[in-house]
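Let's take a walk through this one together. Have a look at the picture first, and then we'll go from the whole down to a single residue.

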Amino acid sequence: MSAEPRLAEVAEPEPAQEAARGTDQAVMETLEDYTLRFAPRSYRRWTPMVVATTALGGIAYMADFSIGAGIGLAHGTGNALLAIAVAAVVIFVTGFPLAYYGARYNIDLDLITRGSGFGYFGSVLTSVIFASFTFIFFALEGSIMAQGLKLGLGLPLWLGYLVSTLMVIPLVIYGMTALSKLQVWTTPVWLLLMVGPLVYLVATDPGTVDRFLAYAGTDGEGGVNTASVLLGAGVCLSLIAQIGEQIDYLRFMPPKTEANKRSWWTAVVMAGPGWVVLGALKQAIGVFLAVYIIAEVGASAAPEPIQQFKHAFDAMMPSWIVLPMAVALVVISQIKINVTNAYSGSLAWTNSFTRVTKRYPGRMVFVLVNLGFALALMEADMFSFLNGILGFYSNCAIAWVVTVATDIGINKYVLKLSPHAPEFRRGMLYAVNPVGVVSFVAASGLSIAMYFHALGDTLQPYSPVAAAVISFVLTPLMAVVTKGRYYLRRSDDGIAEPLWDDDGNPSAVAYECHVCRQQFERPDVTACLTHDAVVCSLCLSTDKVGDHVLPAEV
């Protein structure tokens with residue numbers, strides 16, 4: 001039996017054609033987001049500003065308020081603000097090249113990682129890291145929502161966890177189309193509810209600012225010290241992987257042309273690395289509201305966003321509307337971010353599973369897997385040991401993101417040892433590239449050892465710095481040592497048509513995959529080994545015996 005019927009059973013068709021055939025709606029929608037593949041120009045119908053607004057809507061999470069409050073309570077306002085600023089600079093600098101590549105070449109962070117030092121199978125490591133990020137933060141946001149539902153509606157926490165998990169499933173099914181509408185329409189309401197109480201408190205009680213700036217933390221010293229700043233920055237840097245969720249939206253940017261280049265760059269910077277500006281502001285607000293609550297009722301409720309905003313609304317509104325407003329803010333925020341967490345996590349799990357097993361089960365399977373992990377964390381009361389989880393996780397996230405950013409910025413543009421354009425298709429890449437894998441494993445391993453005091457108490461606060469520095473140094477060093485030979489298994493994909501158009505954007509020329517019989521644009525296909533035809537990237541991924549995978553160049 002030939003390979004074609006077998007592969008056709010696992011390769012899913014395009015959504016528009018599925019709809020025409022009347023196939024099951026759930027199956028159709030699992031491919032609307034172009035899991036595992038390049039996002040074609042024919043699908044990218046949104047303007048740069050709509051894409052940017054959708055991407056920024058995903059950072060409406062309340063965790064920033066808890067993170068800021070936790071750092072401020074432990075280390076004082078001065079140390080907390082410096083920690084937030086240090087982390088924001090690192091996140092912005094490392095996020096810029098990743099966001100540009102996602103928007104310019106219309107691929108997600110996993111596909112970028114494959115061709116930026118990790119290889120086809122090597123990036124499975126980082127897909128798991130990213131998937132872990134999404135369910136950790138889903139659990140955190142779900143816990144915050146459950147706190148709001150308990151305070152506002154009297155629901156027990158266990159039931160609140162379940163409600164916050166199940167309510168996002170209908171929205172996540174429909175991919176980018178539904179998410180773009182949700183984020184655009186809810187963002188103005190969310191901004192008003194978040195900023196309004198802060199402006200009111202500062203305007204009506206200037207003493208809140210003085211108390212905020214003078215707060216010394218639980219140690220009572222009040223001075224700025226390096227260890228406290230780095231410990232706080234390590235917690236904030238756990239959010240460095242957020243750029244992956246931003247890219248899950250930015251990959252749907254329209255082609256960059258002379259006519260739209262200003263709006264295109266504005267959208268990429270604002271919704272790519274620029275997300276951290278709003279994130280850092282929310283963390284600082286979290287410190288402010290925590291100090292305000294301490295002065296009003298004590299420290300016990302200060303880290304909980306629902307309590308922070310309840311007391312802030314209480315200062316400016318009649319008592320009967322305070323709880324409904326606080327709960328509304330928490331629920332809107334949780335929905336906005338957790339549809340993104342569930343969506344991005346499902347993409348990451350699907351990427352990993354399909355490459356390892358060569359079987360594509362559809363994204364919805366992994367929506368449920370991701371939500372299962374998140375629900376287990378919530379029921380284990382992860383909120384009570386939040387900073388410990390984030391401090392540990394940040395070491396892995398920093399090592400990954402800095403490795404990929406360094407490969408793009410240094411290995412591609414300075415050393416020119418890494419191919420300038422990203423590659424992600426099976427057969428074109430080596431299975432494992434030691435440049436990224438060795439750098440990531442060494443940086444994350446050593447920094448985690450430092451975090452758990454294996455190298456002494458003095459070095460423990462410096463674990464996030466170690467993760468960043470080691471990956472930044474090792475990535476170009478490994479490229480030089482290997483002479484860049486493990487990036488591309490072959491440079492010719494067997495198709496004469498150029499990959500790029502005259503503006504340097506991915507070509508929109510369409511080809512029919514001879515396995516699944518669907519149309520795909522030029523960057524998503526290669527020539528087939530056994531037929532005088534082309535095959536799409538998903539059919540290549542699911543080719544169990546390698547019948548269609550091009551051989552390595554001699």
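Helices and strands here are runs assigned by DSSP, with at least four residues for a helix and at least two for a strand, numbered from the N terminus. Counted that way, the protein has 23 helices and four strands. Keep in mind that you're looking at a predicted model. Its mean pLDDT is 84, and 88% of the residues reach 70 or more. Residues 1-31 are another story: their pLDDT is below 50, although the stretch has 52 contacts in the model beyond near neighbours in sequence. Where pLDDT is low, predicted coordinates shouldn't be read in detail.

Now for the overall build. The protein has 554 residues, and 60% of them count as buried. If you take the contacts between residues at least 6 apart in sequence, 79% link residues at least 24 apart. About 19700 Å² is exposed, with 67% of that supplied by carbon and sulfur atoms.

Next, find helix α6, which covers residues 77-105. Its 29 residues reach 41 Å from first C-alpha to last, close to the expected 42 Å. Follow α6 along and you'll meet a kink of about 35° at Gly 95, shortly before Pro 97. After α6 comes Asn 106, which has a positive phi near 60°.

Finally, zoom in on Ala 312, in helix α17 (residues 305-314). Is Ala 312 buried or exposed? With a relative accessible area of 0%, Ala 312 is buried, because anything under 20% counts as buried. Beyond its neighbours within four places in sequence, Ala 312 touches Pro 197, Leu 201, Leu 289 and Tyr 292. Pro 197 sits 115 residues from Ala 312 in sequence, yet their C-alphas are 5.6 Å apart.

Technical notes. Residues numbered from 1 in each chain as written. Predicted model: local features only at pLDDT ≥ 70, side-chain atom pairs only at ≥ 80, totals over all residues. Heavy atoms only, no water. Expected span 1.5 Å × (residues − 1). Bend = angle between axes of the 7 residues up to and from the residue. Buried < 20%, exposed > 50% of the residue type's maximum accessible area, 1.4 Å probe, protein only. Contact = heavy atoms within 4.5 Å. Areas by Shrake-Rupley, 256 points an atom, 1.4 Å probe, with all protein chains shown as cover. pLDDT = per-residue confidence, 0-100.
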